[in-house]
Amino acid sequence: MPQMLDFPTCYVCRSVDLEIISNEEFGPMTMCCECGYSWIASYEELSSDIRVNIAS
Ligand SMILES: [Zn+2]
């Protein structure tokens with residue numbers, strides 16, 4: 001039975017300290033503040049309470 005998480009976590013280090021960044025090529029991406037890993041943001045991540053940091 002898969003574990004249901006209330007909050008998105010980093011795929012690498014399982015940190016919940018994530019932020020949404022804007023990437024010109026890939027669009028919105030989720031980045032882990034702990035290890036720096038980033039991935040294309042999912043709808044769940046975009047609609048969650050992650051703070052948004054639009055890179056200029
Ligand atoms: Zn991480």
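1. Threonine 30 has tryptophan 39, in S3, as its bridge partner. In this predicted model, that bridge is one of three that join S2 to S3, and these two strands run antiparallel. Threonine 30 is also the bridge partner, in S2, of isoleucine 20. The bridges of threonine 30 therefore lead to tryptophan 39 in S3 and to isoleucine 20, a good starting place for a reader new to the structure.

2. For orientation, the protein chain contains one helix and four strands. Along the sequence their order is β-β-β-α-β. Strand S1 covers 18-23 and strand S2 covers 27-32. Strand S3 follows at 38-40, helix H1 takes residues 43-46, and strand S4 is made of residues 51-53.

3. The pairing of S1 with S2 is antiparallel and has six bridges. Two of the residue pairs can be looked up directly: isoleucine 20 with threonine 30, and isoleucine 21 with methionine 29. The link between S1 and S2 is a hairpin through three residues. In a regular strand, side chains alternate between the two faces of the sheet.

4. What lies in the loop between S1 and S2? Phenylalanine 26 is found there. Phenylalanine 26 counts as exposed because it has 12 C-beta neighbours inside 10 Å, and a residue is exposed at 12 or fewer. Its C-alpha atom is 9.2 Å from that of tryptophan 39, a residue 13 positions away along the chain. Tryptophan 39 is the residue already met as the partner of threonine 30.

5. Asparagine 23 belongs to strand S1. With 13 C-beta neighbours inside 10 Å, asparagine 23 is classed as partly exposed. Isoleucine 40 is 17 residues from asparagine 23 in sequence, and the two C-alpha atoms are 9.1 Å apart in space.

6. S2 and S3 are also joined as a hairpin, with five residues between them. Within that turn, glycine 36 has a positive phi of about 85°. Cysteine 33 is in the loop between S2 and S3 as well.

7. Is cysteine 33 exposed or partly exposed? It counts as partly exposed, because 13 C-beta neighbours fall inside 10 Å. Leaving aside residues up to four places away in sequence, cysteine 33 touches Asp17, Leu18 and Glu19. Serine 15 is 18 residues from cysteine 33 along the chain, with 8.1 Å between their C-alpha atoms.

8. Arginine 14 deserves a look at the backbone. Its phi is near 65°, a positive value in a residue other than glycine. Most residues other than glycine have a negative phi. Arginine 14 sits in the segment before S1, and it counts as exposed, with 11 C-beta neighbours inside 10 Å.

9. Glutamate 44 is part of helix H1. This residue is exposed, having 12 other C-beta atoms within 10 Å. Its C-alpha atom lies 8.9 Å from that of phenylalanine 7, although the two are 37 residues apart in sequence.

10. How much of the protein chain is buried? Of its 56 residues, 11% count as buried. As for contacts with a separation of 6 or more, 35% of them are between residues 24 or more positions apart.

11. Confidence is uneven along the protein chain: it is highest in S3, at 94, and lowest in strand S4, at a mean of 67. Over the protein chain the mean pLDDT is 83, and 80% of the residues reach 70 or more. Where pLDDT is low, the predicted coordinates should not be read in detail.

Definitions and conventions:
Residues are numbered from 1 along each chain as its sequence is written. A residue is buried if 20 or more other C-beta atoms lie within 10 Å of its own, exposed if 12 or fewer, and partly exposed in between; C-beta atoms are placed from the backbone. Two residues are in contact if their C-beta atoms, placed from the backbone, lie within 7 Å. Two strands pair if DSSP finds at least two bridges between them. pLDDT is the predictor's confidence in each residue, from 0 to 100.
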